[in-house]
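Me: I am new to reading protein models, and I would like to learn how to go through one feature at a time. Could you take me through this one slowly?

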Amino acid sequence: MTLSVQRKEIVLNTACLNKLRIAGTLQDSIVDGPGLRYVIFTQGCPHHCEGCHNPDTHDFLAGKDADVDKIISQISNNKMLSGVTFSGGEPMCQAEALVPIAKEVKKMGKHLMIYTGYVYEELLEKPDEGIRQLLELADVLVDGPFVLAKRNLTLIYRGSENQRVIDLNKTRSQGQIVLYHSDYDDLL
């Protein structure tokens, strides 16, 4: 069985069973986006970036199933959260399974940030309804693979200089890529 077939089966299985394959969650992160955040680390990544911060998330068959309704409940019950971050692994490999969470996060009025090793333009070309919906629902996208030779520990929300932090709301409204900036981040 090839990696792409395994990935497809995981996406289809988790979407149909209202389950998501994850490495874990953090219920109170202050480093994975602006404010206090709930972070979902998806399991499985095709990029295998050298120097990856989360190498244990690469194997599509590792990790555990998580109940989407339980995750939504945990997010809803924490009134201190300003947002949710999908990280990984590669969240876009389980886009369809993440869409229900993203929709609920937006109904709650919370900020949604997604990390991906793909670049935004590449995601726009993928014929995947789940990816399209996530890009419509997300406020910020950190795109591009981690490149060890371009590692920079002073960057906010990204690990290497090739990665971009894209303001998806402004990007959609202006029809061109607009990088994210927040006054909150100036305080860091």
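**Reading a predicted model, feature by feature**

Reply: Let us start with a single residue, keeping in mind that this is a predicted model. G159 lies in the loop that runs between β6 and β7.

Me: Is G159 buried, partly exposed or exposed?

Reply: Burial is judged from relative accessible area, and values between 20% and 50% fall in the middle class. G159 counts as partly exposed, because its relative accessibility is 25%. The residues that G159 touches, leaving aside those up to four places away in sequence, are F146, K150, R151 and N152. With F146, which is 13 residues away along the chain, the C-alpha atoms of the pair are separated by 6.4 Å.

Me: How many helices and strands does the protein have, and what pattern do they follow along the sequence?

Reply: The secondary structure comes to seven helices and seven strands, and, read along the sequence, these follow the pattern α-β-β-β-α-β-α-β-α-α-β-β-α-α. The protein has 188 residues, of which 48% count as buried. As for contacts with a separation of 6 or more, 65% of them are between residues 24 or more positions apart.

Me: Which residues touch the most other members of the largest nonpolar core?

Reply: The general idea is that, in soluble globular proteins, nonpolar side chains tend to be buried together. In this model the largest nonpolar core has 35 residues, and those touching the most other members are L20, F86, M92, I101, L112 and L134. Two or more residues come from each of β1, β2, α2, β4, α3, β5, α4 and α5, and α3 gives the most, with seven residues. To see one member in its setting, look at I101, which touches L20, I40, V68, I71, I72, I75 and F86, not counting residues up to four places away in sequence. There is also a second, separate core of seven residues, which includes M113, Y115, V142 and Y180.

Me: How should I read the packing of two helices, and at what angle do α2 and α3 pack?

Reply: It helps to look at the angle between the axes, and then at the residues that meet. Here α2 and α3 pack at an angle of about 25°, with their axes 10 Å apart, which makes α2 roughly parallel to α3. The crossing by which α2 passes α3 is right-handed. On the α2 side V68, I71, I72 and I75 take part, and they meet A97, P100, I101, E104 and V105 of α3. For the spacing of such positions, remember that an α-helix has 3.6 residues a turn, so residues three or four places apart point the same way.

Me: Which residues of helix α5 are buried, and what covers them?

Reply: The buried residues of α5, which spans residues 129-137, are G130, I131, Q133, L134, L135 and L137. Their cover includes β4, α3, β5, α4, β6 and α6. At the start of α5, a side-chain oxygen of D128 reaches to within 2.9 Å of the backbone nitrogen of G130. The C-alpha atom of G130 is also separated by 7.9 Å from that of A97, although the two residues are 33 apart along the chain. A97 is found in helix α3, and A97 counts as buried because its relative accessible area is 4%.

Me: What polar contact does the side chain of T42 make?

Reply: T42 is found in strand β2 and is buried, with a relative accessible area of 0%. A polar atom of the T42 side chain lies 3.0 Å from the backbone oxygen of S87. Residues touched by T42 include R21, T57, S87, G88, G89 and L98.

Me: Where should I look for unusual backbone geometry?

Reply: Most residues other than glycine have a negative phi, and most peptide bonds are trans. In this model a cis peptide bond joins G88 and G89, with omega about 10°, and G89 lies in the loop between β4 and α3. A positive phi, near 50°, is found at H48, in the loop between β2 and β3, where H48 is partly exposed with a relative accessible area of 44%. Y157 also has a positive phi, near 70°; it is found in the loop between β6 and β7 and, at 9% relative accessibility, counts as buried.

Key:
Residues numbered from 1 in each chain as written. Predicted model: local features only at pLDDT ≥ 70, side-chain atom pairs only at ≥ 80, totals over all residues. Heavy atoms only, no water. Buried < 20%, exposed > 50% of the residue type's maximum accessible area, 1.4 Å probe, protein only. Helix = DSSP H or I, 4+ residues; strand = E, 2+ residues; numbered from the N terminus. Contact = heavy atoms within 4.5 Å. Polar contact = N/O pair within 3.5 Å; in protein donor to acceptor, adjacent residues only side chain to side chain. Core = buried A, V, L, I, M, F, W, Y, C linked by side-chain atoms within 4.5 Å. Axes fitted to C-alpha atoms, helices over the stretch in contact; angles between N-to-C directions. Parallel < 35°, antiparallel > 145°, perpendicular 65-115°, else oblique. Left-handed = near helix turned anticlockwise from the far one by under 90°.
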